Amino acid sequence: GGQCAVANPNTTRFAGNCGALITLNDATTNPSYVQENNPSAETAYRVRLYVNLRGLTMPSGAELDLFAAYDGADPAAGSSSGDAAIRVEVGSNGTDKNVLLAVRTDADTELMTTPVTIYSGWHAIEFSWVRSTGPGNNNGTLSWWLDGIAQTGLSSIDNDTEVVNYARWGAVAGLEASTQGTFKADDYASQRSGYI
């Protein structure tokens, strides 16, 4: 018990003293997340977060969003605004968990990366999203890295109307009652550009 501090570190941390433990149980589909309100109509956005999915039980075909950055105005607590311009999704094929990223286009559809298997233990997920420079240019990009290793991203994206106004990380959305257990998240960092 007691406040998480140097003298009383918690066991959910990746680094430092404190980390987040997200618990999904009792057939709940309620989200549980931390919200970042600092973005403001960002046209480029870079994020790195650490996640440990070891305690999470997901049946085959189940999915949930670990992260989402939205294009709507900052919402009141407990509500949402706009659509997810960027998502980090975790899924299960029955034996392994996988992670993929998705971006919204001007046509209000999503483009998704190929799922990559993610094993037990701590993993760093980092991505750099840049919207297209103007109508018809179709030069938006999404680059991403898993544990510092470049993965196949997305390019030639028509997303010049998308922006990032707020972001959430944790058990953000898409929760299913059959997904239960715990997972850990820590060391979230975001900025407009450059390496974290």
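Buried means under 20% relative accessible area, exposed means over 50%, and partly exposed is anything in between, worked out with a 1.4 Å probe on protein chains only. By that yardstick Ala7, at 80% relative accessibility, is exposed. This is a predicted model, so a local feature needs pLDDT of at least 70 and side-chain atom pairs count only at pLDDT 80 or more, while totals for chains, interfaces and linings use all residues. Numbering starts from 1 along each chain as its sequence is written, and side-chain values use heavy atoms, leaving out hydrogens and water.

**Strand 7 and its partners**

- Strands here are DSSP runs of E with at least two residues, and helices are runs of H or I with at least four, all numbered from the N terminus.
- Strand 7 covers residues 97-104, and because eight of its eight residues are buried, it is largely enclosed by the rest of the structure.
- Both of its faces are covered: Lys97, Val99, Leu101 and Val103 are buried on one side, and Asn98, Leu100, Ala102 and Arg104 are buried on the other.
- Two strands count as paired if DSSP finds at least two bridges between them.
- Strand 6 (residues 84-92) runs antiparallel to strand 7, with seven bridges between them, and one of the matched pairs is Ile86 with Val103.
- Those two strands make a hairpin with four residues in between, and Gly94 in the turn has a positive phi of about 105 degrees.
- Strand 8 (residues 110-112) also pairs with strand 7 in the antiparallel sense, over three bridges; here Val103 has Leu111 as its bridge partner.
- Strands 7 and 8 form a hairpin too, with five residues between them and a positive phi of about 65 degrees at Asp108 in the turn.
- Strand 9 (residues 116-118) is another antiparallel partner of strand 7, over three bridges, and Ile118 in strand 9 stands opposite Lys97.

**Nonpolar cores**

- A nonpolar core is a set of buried Ala, Val, Leu, Ile, Met, Phe, Trp, Tyr and Cys residues joined through side-chain atoms within 4.5 Å.
- In soluble globular proteins, nonpolar side chains tend to be buried together.
- The largest core in this model has 39 residues, and Tyr45, Leu66, Phe67, Phe127 and Phe183 have the most contacts inside it.
- Apart from that one lies another core of five residues, among them Ala68, Ala84, Tyr166 and Val172.
- Contact means heavy atoms within 4.5 Å. Leaving aside neighbours within four places in sequence, Leu66 is in contact with Val51, Leu53, Val88, Val90, Ile125, Arg168, Trp169, Gly170, Val172 and Phe183.

**Two buried residues to look up**

- Val88 sits in strand 6 and counts as buried, at 0% relative accessibility.
- Not counting residues up to four places away in sequence, Val88 touches Leu64, Asp65, Leu66, Phe67, Val99, Leu100, Leu101, Ile125 and Phe127.
- Between Val88 and Glu42, which are 46 residues apart along the chain, the C-alpha separation is 18 Å.
- Ser128 belongs to strand 10 (residues 122-130) and is buried, with a relative accessible area of 17%.
- With residues up to four places away in sequence not counted, Ser128 touches Tyr45, Arg46, Thr141, Leu142, Ser143 and Trp145.

**Positive phi outside glycine**

- Asp147 has a positive phi near 55 degrees and is not a glycine. You'll find Asp147 in the loop between strand 11 (140-146) and strand 12 (149-157), where it counts as partly exposed at 39% relative accessibility.
- Asp187 also isn't a glycine, yet has a positive phi of about 50 degrees. Asp187 is in strand 14 (residues 180-191) and is partly exposed, at 28% relative accessibility.

**Out at the start of the chain**

- Ala7 lies in the segment before strand 1 (20-24).
- Ala7 and Val99 are 92 residues apart in sequence, and their C-alpha atoms are 35 Å apart in space.
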